[in-house]
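Colleague: I have a bench day coming up and would like to talk through this protein beforehand. Could you put it on screen?

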Amino acid sequence: MAALGGDGLRLLSVSRPERQPESAALGGPGPGLCCWVSVFSCLSLACSYVGSLYVWKSELPRDHPAVIKRRFTSVLVVSSLSPLCVLLWRELTGIQPGTSLLTLMGFRLEGIFPAALLPLLLTMILFLGPLMQLSMDCPCDLTDGLKVVLAPRSWARCLTDMRWLRNQVIAPLTEELVFRACMLPMLAPCTGLGPAVFTCPLFFGVAHFHHIFEQLRFRQSSVGSIFLSAAFQFSYTAVFGAYTAFLFIRTGHLIGPVLCHSFCNYMGFPAVCAALEHPQRRPLLACYALGVGLFLLLLQPLTDPKLYGSLPLCVLLERAGDSEAPLCS
């Protein structure tokens, strides 16, 4: 935590160009307090988000439409109020981002089209193997599949399906807003952009532990299986959270992480075991390897900050005295 204290002291110079004695700074944040405020704010947001799911008392499981509708209400309220936490953090720390709060949180028009398309394309390339597996196992051909996807009736059914709305719309939007758009601007000045990419997802991963209580409550599996599943989910969500945090920083937009989150929720975790036992195992595994290889090859070019204009978090760190953040170039 000594490093955090040093960064906290450094951030004081953002709003106070001249170094002041400690006695003159009693009215503002002291050394290290800036980062403690940031961590506490992020923890408060995570607890508020998860806590909002349990303000409704119900004996029904989480996938019941009535439960989903109630949770929609509470989660949307918490998510709508979450920018106020960033605003309060700014006032308590005295940090001046040099841009509007909405811009800092990824709500901006500059570079919005590449920010919406390129991260999603990159994520689809990573899922090349699962997408090929899905097409191999689908009974319909490509033409029929496109007709189904583009049919208004299909979308009408989706929009009335509470589970679809939760997984593809509400969860991606609210989780990326709270755990990326709000938390990253508060963590980055203390930890730097690189560490923030891996620190921020810890809040995201821990927030998914509440599923343990629901599974234990409804006895959906053995205790050992539930905790093993929770550990796996924490690892997977933490890695995914680091990826979307990386996208948020490199593009300066929220829309890319939201679309990628929605796509990954639809795809689920790749069925690698099924691929190993698939009748067309060799070409399928080749697609898995090709997708990972192309993803690593294209990760930097498709997230080049030059494609998206000035990056708000990079501007924030420049004002804090860190002009050599590697993720900004």
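Modeller: What follows is a short conversation about the helices, the salt bridges and one loop of this structure, which is a predicted model.

Colleague: Fine, start broad: how many helices and strands does the protein have?

Modeller: The secondary structure comes to 16 helices and zero strands. Of the 329 residues of the protein, 44% count as buried, and among the contacts between residues at least 6 apart in sequence, 78% join residues at least 24 apart.

Colleague: Let's take a pair of helices. At what angle do α2 and α3 pack?

Modeller: Helix α2, residues 33–52, and helix α3, residues 65–93, pack at an angle of about 170°, and their axes are 10 Å apart. That angle makes α2 roughly antiparallel to α3, because anything over 145 degrees is put in that class.

Colleague: And which residues meet there?

Modeller: From α2, the residues in the contact are Cys34, Val37, Ser38, Ser41, Leu45, Ser48, Tyr49 and Ser52, while α3 contributes Ser74, Val75, Val78, Ser79, Ser82, Cys85, Trp89, Leu92 and Thr93.

Colleague: How many of those are nonpolar, polar or charged?

Modeller: By class, the contact of α2 with α3 has nine nonpolar residues, eight polar residues and no charged residues.

Colleague: Charges, then. How many salt bridges are there in the whole structure?

Modeller: A search of the whole structure finds six salt bridges. As a general point, side chains of opposite charge can pair when their charged atoms come close.

Colleague: Which partners does Asp63 have?

Modeller: The side chain of Asp63 meets that of Arg62 in a salt bridge, at 3.7 Å from N to O, and Asp63 also forms a salt bridge with Arg163, where the closest N and O atoms are 3.9 Å apart. The pair of Asp63 and Arg163 links distant parts of the chain, since Asp63 is in the loop between α2 and α3 whereas Arg163 is in helix α9, residues 162–191, 100 residues apart.

Colleague: Are those three side chains buried, exposed or partly exposed?

Modeller: Asp63 counts as partly exposed at 30% relative accessibility, Arg62 counts as partly exposed at 28%, and Arg163 counts as partly exposed at 43%.

Colleague: What about Arg180 and Glu176, how far apart are their closest N and O atoms?

Modeller: In the salt bridge of Arg180 with Glu176 the closest N and O atoms are 2.8 Å apart. The two residues are four apart in helix α9, so they are separated by about one helical turn. Arg180 is buried, with a relative accessible area of 0%, and Glu176 is likewise buried, with a relative accessible area of 0%. Elsewhere, salt bridges that share partners join Arg62, Asp63, Arg163 and Arg166 into one network.

Colleague: One last topic: where does Asp161 lie?

Modeller: Asp161 lies in the loop between α8, residues 152–159, and α9, and at 36% relative accessibility Asp161 counts as partly exposed. A polar atom of the Asp161 side chain lies 3.1 Å from the backbone nitrogen of Arg163.

Colleague: And how far is Asp161 from Pro65?

Modeller: Asp161 and Pro65 are 96 residues apart in sequence, yet 8.3 Å apart in space, C-alpha to C-alpha.

Technical notes:
Residues numbered from 1 in each chain as written. Predicted model: local features only at pLDDT ≥ 70, side-chain atom pairs only at ≥ 80, totals over all residues. Heavy atoms only, no water. Axes fitted to C-alpha atoms, helices over the stretch in contact; angles between N-to-C directions. Parallel < 35°, antiparallel > 145°, perpendicular 65-115°, else oblique. Contact = heavy atoms within 4.5 Å. Nonpolar A, V, L, I, M, F, W, Y, C, P; charged D, E, K, R; others polar. Salt bridge = Lys/Arg side-chain N within 4 Å of Asp/Glu carboxyl O. Buried < 20%, exposed > 50% of the residue type's maximum accessible area, 1.4 Å probe, protein only. Polar contact = N/O pair within 3.5 Å; in protein donor to acceptor, adjacent residues only side chain to side chain.
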